[in-house]
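Open the model in your viewer and keep the selection box ready. Each stop below tells you what to pick and what to look for.

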2 protein chains.
Amino acid sequence: MNSLEEVTDFVKNGHKHYLPHISIDNVIFGYHDQQLKILLLKWKGLNGWGLPGGFIKRREPLSEAAHRILEERTSLSNLFLQQFEVFGDSPYRVKERNPKDFRDKFGLEVDEDNWLFERTLSIGFFALVDYSKVSVTTDFFTEDYQWWDVNEVPDLLFDQNEVVDKALLTLRLQIYHQPIGYNLLPSTFTLPEIHTLYETILGKELDQRNFSKKLTNLGLIKKLDERRNIGPHRAPYLYQFEKETYEEALKEGIVHTY
Amino acid sequence: MNSLEEVTDFVKNGHKHYLPHISIDNVIFGYHDQQLKILLLKWKGLNGWGLPGGFIKRREPLSEAAHRILEERTSLSNLFLQQFEVFGDSPYRVKERNPKDFRDKFGLEVDEDNWLFERTLSIGFFALVDYSKVSVTTDFFTEDYQWWDVNEVPDLLFDQNEVVDKALLTLRLQIYHQPIGYNLLPSTFTLPEIHTLYETILGKELDQRNFSKKLTNLGLIKKLDERRNIGPHRAPYLYQFEKETYEEALKEGIVHTY
């Protein structure tokens, strides 16, 4: 959404094209080089940083909407994008949006009873990507974007700090039974590489021996007959993800390990 | 909702009191005597069995709405009621509801564009209770209720079989890190008792020694100095839930074990 014409129509008639009262917030975690970050956008009218999000079209399946909104912002498609919670305990969630802001910041005339000021529940989705490969797009409402370290997230709009906290908790809790991390490592990798990935995501140290035993027992990775030469007398074995386990998991959204 | 007057107002003006386009479905699992069941209601107008559910009031926090809806049906309050997924991939979810049914079955005149026939996403919550202690209430829209074995769930309305399947999967997946089962055993219990509870919920056999080690390692239960006399030379040790772990878990909705 970039032209004033498109934006004016969205503000005025959006409730005819989108379901009112429900929005989507995408928490996009980015991993690269032992750092875990999240993608935030700077909203012009709302005086602060917030999550990329949007609304569901009247006839659009929910999961398609989440993917469309993500793709519009990041050009990323075919991601493992996972729903984790609906945020609806704050009935006045929209209090930071008001007609005066819309007039002052965007030059848009908006009525008090405009659909954008009504109570809106938000469905949280998260994904994990390699942030070095992502190009982010800003639009009429957003003036900047930034990948923030997960330990240094600023004050966000509405209840979005809670959304981020819950997404991080879910990511960490599910790291052993969701197809997380599949696209973050090369097709073959060493144990130290996947170990570092997991330590970074979990934000804590993991005993290396127990860790590799756990991943192997869960059927998530398998040892290959190849080694990688990285120095004199140093040739660690290579591993790869168990393709079948992951394909099953991607389809069902879950690795069956209970 | 019981009188014709209340129901007529709900059908005609409900969208002024409730948020349209979003409903709640409660999957109530009942455990008793080594059986796992779920609560289904027989809807008069909809020709089949379905989940107890309802709508969110305009100013009502989401989690309060879920508890209110559950309490209206079962008189149960203060339950651990957990959100698990929003179902919104079927845009025509409401196709089984139509004006003719409302007229024929309830004697209610309803317009084609009534809010109850609009697309509605559904937020799934689940709870686990002792079904021998629950009294269920029917109302104007429901003529019967029944606790169904989880392995014998009939064809349900809309996409509710998917809702039930996903609830069961979540329950099983989270059984080791959510405060599930806290109210299903007496305050002190033997290992075989909790072992049976977990086997029933998971629907499979669990090695008894590994199981008790796992629960103890997770800090979920602790061994007491007491035993229970159940026969000559038979006096198994008693256990109890770790109150602090569970209280923390109930507050945060999660046992931190990752």
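A residue is called buried when its relative accessible area is under 20%. Keep that cut-off in mind for the whole tour of this predicted model.

**Stop 1: an enclosed strand in chain B**

Select residues 35-43 of chain B, which form strand 2. Seven of these nine residues are buried, so strand 2 of chain B is largely enclosed by the rest of the structure.

Now bring in the partners of strand 2. Strands of a sheet pair through backbone hydrogen bonds, either parallel or antiparallel.

- Add residues 18-32 of chain B, which are strand 1. Strand 1 and strand 2 of chain B are antiparallel and share four bridges. Look for B:G30, whose bridge partner in strand 2 of chain B is B:K37.
- Add strand 7 of chain B, residues 142-149. Strand 7 pairs with strand 2 of chain B over seven bridges, again in the antiparallel sense. Here B:L40 has B:Q146 as its bridge partner.
- Add residues 48-50 of chain B, which are strand 3. Three bridges join strand 3 to strand 2 of chain B, and the two run antiparallel. Find B:L41, with B:G50 of strand 3 of chain B opposite.

Before leaving, zoom in on the hairpin of strand 1 and strand 2 of chain B. How many residues lie between its strands? There are two. In this hairpin, B:D33 takes a positive phi near 50°.

**Stop 2: a loop residue with a positive phi**

Most residues other than glycine have a negative phi. Select B:F158 for a contrast. Its phi is near 50°, a positive value, and B:F158 is not a glycine. Where does B:F158 sit? Look in the loop between strand 7 and helix 4 (160-173) of chain B. Is B:F158 buried or exposed? With a relative accessible area of 17%, B:F158 is buried.

**Stop 3: a three-stranded sheet in chain B**

Select strands 8, 9 and 10 of chain B. They form an open sheet in the order 8-10-9, with antiparallel pairing. Which strands are at the edges? Strand 8 (189-190) and strand 9 (221-227) of chain B are the edge strands, each pairing on one side only. Strand 10 of chain B, residues 237-241, pairs with strand 8 of chain B over two bridges. Pick B:F189 and look across to strand 10 of chain B: B:Y239 stands opposite.

**Stop 4: chain A as a whole**

Switch to chain A and colour by secondary structure. You should find seven helices and nine strands. Chain A has 258 residues, and 55% of them count as buried. Contacts also reach along the sequence. Among contacts in chain A with a separation of 6 or more, 72% are between residues 24 or more positions apart.

**Stop 5: a bent helix**

Select helix 1 of chain A, residues 4-17. Where does helix 1 bend? At A:V11, by about 60°. Next, show the side of helix 1 that is hidden. Its buried residues are A:V7, A:F10, A:V11 and A:G14. These buried residues pack against strand 1, strand 4 (53-57) and helix 3 (99-106) of chain A.

Stay with strand 1 of chain A, residues 18-32, and pick A:H21 there. A:H21 has a positive phi of about 75°, although it is not a glycine. A:H21 counts as buried, at 4% relative accessibility.

**Stop 6: a buried glycine**

Select A:G124 in strand 6 of chain A, residues 121-130. Its relative accessibility is 0%, so A:G124 counts as buried. Which residues touch A:G124, apart from neighbours within four places in sequence? They are A:D25, A:Q82, A:Q83, A:F84, A:E85 and A:F87. Then draw a distance from A:G124 to A:L156, C-alpha to C-alpha. The two are 15 Å apart in space and 32 residues apart in sequence.

**Stop 7: two crossing helices**

Two packed helices are described by the angle between their axes and the distance between the axes. Select helix 5 (residues 191-202) and helix 6 (residues 208-217) of chain A. They pack at about 95°, and their axes are 11 Å apart. Helix 5 of chain A is therefore roughly perpendicular to helix 6 of chain A.

Show the side chains at the contact. Helix 5 of chain A brings A:L191, A:P192, A:I194, A:H195 and A:Y198. Helix 6 of chain A brings A:Q208, A:F211, A:S212 and A:L215. Colour these contact residues by type: six are nonpolar, three are polar and none is charged.

Conventions:
Residues numbered from 1 in each chain as written. Chains lettered and ligands numbered in written order. Predicted model: local features only at pLDDT ≥ 70, side-chain atom pairs only at ≥ 80, totals over all residues. Heavy atoms only, no water. Pairing = 2+ DSSP bridges. Axes fitted to C-alpha atoms, helices over the stretch in contact; angles between N-to-C directions. Parallel < 35°, antiparallel > 145°, perpendicular 65-115°, else oblique. Contact = heavy atoms within 4.5 Å. Nonpolar A, V, L, I, M, F, W, Y, C, P; charged D, E, K, R; others polar. Buried < 20%, exposed > 50% of the residue type's maximum accessible area, 1.4 Å probe, protein only. Bend = angle between axes of the 7 residues up to and from the residue.
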